[in-house]
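This report introduces a single protein chain to a reader who has not met it before. The sequence and the three-dimensional structure are shown first.

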Amino acid sequence: MTSLQGLIGGILIGLSATWLMATLGRIAGISGILGTLITQRPRGDSAWRLAFLLGLISGPIVLILAGGGAGNVAGAPGEVVGAPAGGVPLMLAAGLLVGFGTGIGSGCTSGHGVCGLARLSTRSLVATLTFLVAAIVTVFVVRHGIGGGA
């Protein structure tokens with residue numbers, strides 16, 4: 001069932017990115033959508049940005065309420081989302097680093113990986129490869145270097 005949910009989610013992400021580009025000429029990069037909403041408000045295009053972000057948050061909630069579950073994210077059957085593996089402070093630090101990285105990289109994985117690659121952007125290809133290599137190295141170091149993973 002989780003594979004089917006992932007497939008459906010991927011299709012919906014692709015459709016929403018295509019719809020946004022076709023109707024508004026905008027790239028569905030979450031860091032840009034959120035960043036512009038926060039730093040340049042109020043603007044004439046705030047409504048679609050807010051609707052897009054609310055859709056991101058409400059989609060999983062609707063899935064859970066419909067009995068679709070939350071996927072394999074919890075350690076125990078009664079949990080919806082498990083506790084952060086490294087604790088809340090590490091999770092917050094990681095989130096801040098990701099936010100800083102999206103600023104340096106001029107976008108996030110959704111903007112570069114989904115939308116940029118679809119537009120055949122060289123910059124997005126380099127950014128996406130950088131994301132992947134950094135993730136692979138991080139997982140390797142955590143699991144095999146410092147022994148923090150399963």
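The text below describes the overall make-up of the chain, then its helices, a pocket and several individual residues.

**Overall make-up**

The structure is a predicted model. The chain contains 6 helices and 0 strands, and its elements follow the pattern α-α-α-α-α-α along the sequence. Of the 150 residues, 17% count as buried. Among the contacts in the chain with a separation of 6 or more, 33% are accounted for by residues 24 or more positions apart.

**Three helices in figures**

The table sets out the lengths of three of the helices.

| Helix | Number of residues | Distance from first to last C-alpha | Span expected at 1.5 Å a residue |
|---|---|---|---|
| α3 | 20 residues | 28 Å | 28 Å |
| α4 | 17 residues | 24 Å | 24 Å |
| α6 | 24 residues | 33 Å | 34 Å |

For α4, the distance between the end C-alpha atoms agrees with the expected span. The reach of α6 is close to the expected value, and so is that of α3.

**Helix α3 and residue R49**

Helix α3 runs over residues 46-65. A kink of about 30° lies at S58 in this helix, shortly before the proline P60. Just after α3, G67 takes a positive phi of about 90°.

Which residues of α3 are buried? They are S46, W48, R49, F52 and L53. An α-helix has 3.6 residues a turn, so residues three or four places apart point the same way. In α3, the buried residues include W48 and F52, and likewise R49 and L53.

R49 belongs to helix α3. Its relative accessibility is 5%, and R49 therefore counts as buried, the cut-off being under 20%. With neighbours within four places in sequence left aside, R49 is in contact with R26, G32, I33, T36 and L37. The C-alpha atoms of R49 and I30 are 9.3 Å apart in space, and the two residues are 19 residues apart in sequence.

**Helix α4 and the second largest pocket**

Helix α4 is hardly covered, since the count of buried residues among its 17 residues is 1. Just after α4, S106 takes a positive phi of about 55°.

The second largest pocket holds about 380 Å³ of space. Which elements give two or more residues to the lining of this pocket? They are α4, which covers residues 88-104, and α6. The largest share of the lining, 5 residues, comes from α4. In total, 13 residues line the second largest pocket, and those nearest its centre are V98, G101, T102, G107 and F131. By type, the lining divides into 7 nonpolar residues, 6 polar residues and no charged ones.

**Helix α6 and the loop before it**

The loop between α5 (109-118) and α6 (122-145) contains L120. Phi of L120 is near 60°, a positive value in a residue other than glycine. Is L120 buried or exposed? The relative accessible area of L120 is 75%, so this residue is exposed, the cut-off being over 50%.

Within α6, the residues S124, A127 and T128 are buried. What covers the buried residues of α6 includes α5.

T128 is found in helix α6 and touches H112, G113 and L117, residues up to four places away in sequence not being counted. The relative accessibility of T128 is 14%, and for this reason T128 counts as buried, under the 20% cut-off.

L132 also lies in helix α6. Its relative accessible area is 47%, so L132 is partly exposed, a class that lies between the cut-offs of 20% and 50%. L132 and T109 are 23 residues apart along the chain, and their C-alpha atoms are separated by 9.5 Å.

**Summary**

In this predicted model, the chain has 6 helices and 0 strands. Helix α3 carries a kink at S58 and has R49 among its buried residues. Helix α4 gives the largest share of the lining of the second largest pocket, although α4 itself is hardly covered. In α6, T128 counts as buried, whereas L132 is partly exposed. In the loop between α5 and α6, L120 is exposed.

Notes: Residues are numbered from 1 along each chain as its sequence is written. This is a predicted model: local features need pLDDT of at least 70, side-chain atom pairs count only at pLDDT 80 or more; totals for chains, interfaces and linings use all residues. Side-chain values use heavy atoms; hydrogens and water are left out. Helices (H or I, at least four residues) and strands (E, at least two) are DSSP runs, numbered from the N terminus. The expected span of a helix is 1.5 Å times one less than its number of residues. The bend at a residue is the angle between axes fitted to the seven residues ending there and the seven starting there. Buried means under 20% relative accessible area, exposed over 50%, partly exposed in between (1.4 Å probe, protein chains only). On a 1 Å grid over the protein atoms alone, a cavity is a set of points where a 1.4 Å probe fits but cannot get out, and a pocket is an open set with protein on both sides within 12 Å along at least five of seven lines; lining residues have an atom within 4 Å of a point. Grid points are joined across faces, edges and corners, and a volume is the space filled by probe spheres set on the points. Ala, Val, Leu, Ile, Met, Phe, Trp, Tyr, Cys and Pro count as nonpolar, Asp, Glu, Lys and Arg as charged, and the others, Gly among them, as polar. Contact means heavy atoms within 4.5 Å.
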